[in-house]
Amino acid sequence: KFFDVVTYTGNGTTLPYISQAVSHNLGAVPAMMIVKQTSGANGWVVYHKDIGNTHNLTLDETTAKEAGGLAAWNNTTPTDTVFTVGADSNLTNKSGQTFVAYLFADNSSEDADDQMIKCGSYTTDGSGNASINLGWEPQWVITKKTDGTGAWNIWDTARGWTNGSNYNYLEANTSAAETGNSNYGNPTATGFTSNGVIGTNANGIYMAIRAPMMVEPEAA
């Protein structure tokens, strides 16, 4: 109920569409998936539960969500045992080609004390700000604007992401070095803030991983 990685071989053709169900051992319904063809030079295709099975994003691009769900995911929501890939030769299921898939869970339905990872979405206000409530403090967050172009921004506490400091962030869609900016948001005890990262009145998605936690003792 946190992370799984699987490999598979595509069986699709361009037309008619042929899909396949790929087994996984995540132990939960994947909330975010990143698929990359390993035998060819195609992009990193992203599924996120809050944009659904009719759209996809691309990790190495800044583009908005694309209506490529039939080709990428066969318009099929993943289950706790399989995820479905479509037949588009440029995405997730080109016949005879090999792929790797990274699957991430969402612990929102778990008891708060047991949660480690959450995938969700948010909308900014007229000033470009939003406060995201996770119920716990994160150590790693990635965000992406979905209704327009925007970078994949990554923050983590190991590289100085703290409340009120001048921290560095990385962009997954570029090979550039990390960049420092103190105005894009901070981790909080219950989540994180997003300030001007995705623009004003904009929609974005995120994946957040919890800061290391110590389980409270249950007995003397």
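Start with the largest pocket, which has a volume of about 220 Å³. A pocket here is an open set of points on a 1 Å grid over the protein atoms alone, with protein on both sides within 12 Å along at least five of seven lines. Its volume is the space filled by probe spheres set on the points, with grid points joined across faces, edges and corners. To see the walls, select D111, D113, D114, R210, M213, M214, V215, E216 and E218, the residues that line the largest pocket; a lining residue has an atom within 4 Å of a point. Colour that lining by class and you will find three nonpolar, no polar and six charged residues. For these classes, Ala, Val, Leu, Ile, Met, Phe, Trp, Tyr, Cys and Pro are nonpolar, Asp, Glu, Lys and Arg are charged, and the others, Gly among them, are polar.

A word on what you are looking at: this is a predicted model, where local features need pLDDT of at least 70 and side-chain atom pairs count only at pLDDT 80 or more, while totals for chains, interfaces and linings use all residues. Residues are numbered from 1 along each chain as its sequence is written, and side-chain values use heavy atoms, with hydrogens and water left out.

**Next stop: the enclosed space**

The structure holds one cavity of 30 Å³ or more, with a volume of about 40 Å³ for the largest cavity. In contrast to the open set of a pocket, a cavity is a set of points where a 1.4 Å probe fits but cannot get out. Rolling a probe the size of a water molecule over the atoms shows where empty space is left. Select Y122, V141, T143, W155, W161, Y184, G185, F192, T193 and S194 to show the lining of the largest cavity. Two elements, β10 (138-145) and β15 (191-195), each give two or more residues to this lining, and β15 supplies the largest share, three residues. Strands are DSSP runs of E with at least two residues and helices are runs of H or I with at least four, numbered from the N terminus. By class, the cavity lining divides into six nonpolar, four polar and no charged residues.

**Zoom in on Q37**

Now pick Q37, in strand β3 (residues 32-37). Is Q37 buried or exposed? Its relative accessible area is 3%, so Q37 is buried; buried means under 20%, exposed over 50% and partly exposed in between, with a 1.4 Å probe and protein chains only. Display the side chain of Q37 together with N42, and a polar contact of 2.3 Å appears between the two side chains. Another polar contact, of 3.1 Å, joins the side chains of Q37 and Q97. A polar contact is a pair of N or O atoms within 3.5 Å; within protein, one must be able to donate a hydrogen and the other to accept it, and residues adjacent in sequence count only if both atoms are side-chain atoms. Leaving out residues up to four places away in sequence, Q37 touches N42, Q97, T98 and F99, where contact means heavy atoms within 4.5 Å.

**Follow the salt bridges**

How many salt bridges are there to visit? The count comes to four, a salt bridge being a side-chain nitrogen of Lys or Arg within 4 Å of a carboxyl oxygen of Asp or Glu.

- Select K1 and E110, whose side chains meet in a salt bridge at 3.5 Å, N to O. K1 lies in the segment before β1 (3-9) and E110 in the loop between β7 (98-104) and β8 (117-123), so the pair ties together parts that are 109 residues apart in sequence. E110 is partly exposed at 29% relative accessible area.
- Move to D50 and K49, a salt bridge with its closest N and O atoms 2.9 Å apart. D50 is partly exposed at 34%, and K49 is partly exposed at 33%.
- Then show D156 and R159, where the closest N and O atoms of the salt bridge are 2.7 Å apart. D156 is buried at 12%, whereas R159 is partly exposed at 22%. Add E178 to the selection: salt bridges that share partners join D156, R159 and E178 into one network.

**Last stop: two asparagines with positive phi**

Most residues other than glycine have a negative phi. Select N74, in the loop between α1 (69-73) and β6 (82-85), and check its positive phi of about 55°. N74 is partly exposed at 23% relative accessibility. Finish at N201, in the loop between β15 and β16 (203-210), with a positive phi of about 50°. N201 counts as exposed, at 55% relative accessibility.
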